[in-house]
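Hi,

Here is the structure I promised to pass on to you. Have a look at it first, and then read on for what turned up.

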Amino acid sequence: MTTTVYKVTGMTCGHCESAVTEEVSALAGVTSVAAVAATGLVTVTSASPLDDEAVRAAVDEAGYELTGRA
């Protein structure tokens, strides 16, 4: 298992957290996602390391911006 924490801008509420969680959870190998609007952090646990660009695309699809790893 691999856990990576990403910094995401634009999340302000529970709906934002849900949108990001839904999109990132759809990536192959992801086992859990915890998005926290108050901190802007998204913790992703996966079976193997994820491609950061795939995570960035999923966050973008949700309408937010991944600014890097925390």
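Let me begin with a helix: helix 1 lies across strand 2 and strand 3, and its direction is at about 160° to that of strand 2. Helix 2 also packs on the sheet, where it touches strand 1 and strand 4, and it makes an angle of about 150° with strand 4. Please keep in mind that this is a predicted model.

Now to the sheet itself. It is open and has four strands in the order 2-3-1-4, with antiparallel pairing. Strand 2 and strand 4 (65-69) are the edge strands, each pairing on one side only. On average, neighbouring strands are turned by 30° against each other, direction ignored.

Strand 3 (residues 41-46) is joined to strand 1 (residues 2-9) by six bridges, and the two run antiparallel. In this pairing T4 stands opposite V44. Six bridges also join strand 3 to strand 2 (residues 30-36), again antiparallel. Here V30 has S46 as its bridge partner, while A34 is partnered by T43. Strands 2 and 3 form a hairpin with four residues between them, and in the turn G40 has a positive phi of about 75°.

Next, the inside. In soluble globular proteins, nonpolar side chains tend to be buried together. In this model, the largest nonpolar core has 20 residues, and those touching the most other members are M11, V20, V24, V42, V44, V59 and Y64. Strand 1, helix 1 (14-25), strand 2, strand 3 and helix 2 (52-62) each give two or more residues to this core.

Two of these core residues may be good places to start when you open the model. The first is V42. Setting aside neighbours within four places in sequence, V42 is in contact with T4, V5, Y6, V8, M11, V20, V33, A34 and A35.

The second is M11, which lies in the loop between strand 1 and helix 1. Is M11 buried or exposed? With a relative accessible area of 7%, M11 is buried. Not counting residues up to four places away in sequence, M11 touches C16, E17, V20, A35, V36, A37, G40, L41, V42 and Y64. G40 in that list is the turn residue of the hairpin with the positive phi. M11 is also 8.9 Å from T39, C-alpha to C-alpha, although 28 residues separate them in sequence.

Finally, the cysteines. How many disulfides does the structure hold? The count is zero. C13 is in no disulfide, and the nearest cysteine sulfur, that of C16, is 3.5 Å away. Why is there no bond between C16 and C13? Their sulfurs are 3.5 Å apart, which is too far for a bond, because a disulfide needs the two sulfur atoms within 2.5 Å. As for their surroundings, C13 counts as partly exposed, at 33% relative accessibility, whereas C16 counts as buried, at 5%.

That is what I have for you so far. Do write back if you would like to go through any of it together.

Best wishes

Key: Residues numbered from 1 in each chain as written. Predicted model: local features only at pLDDT ≥ 70, side-chain atom pairs only at ≥ 80, totals over all residues. Heavy atoms only, no water. Pairing = 2+ DSSP bridges. Core = buried A, V, L, I, M, F, W, Y, C linked by side-chain atoms within 4.5 Å. Buried < 20%, exposed > 50% of the residue type's maximum accessible area, 1.4 Å probe, protein only. Contact = heavy atoms within 4.5 Å. Axes fitted to C-alpha atoms, helices over the stretch in contact; angles between N-to-C directions.
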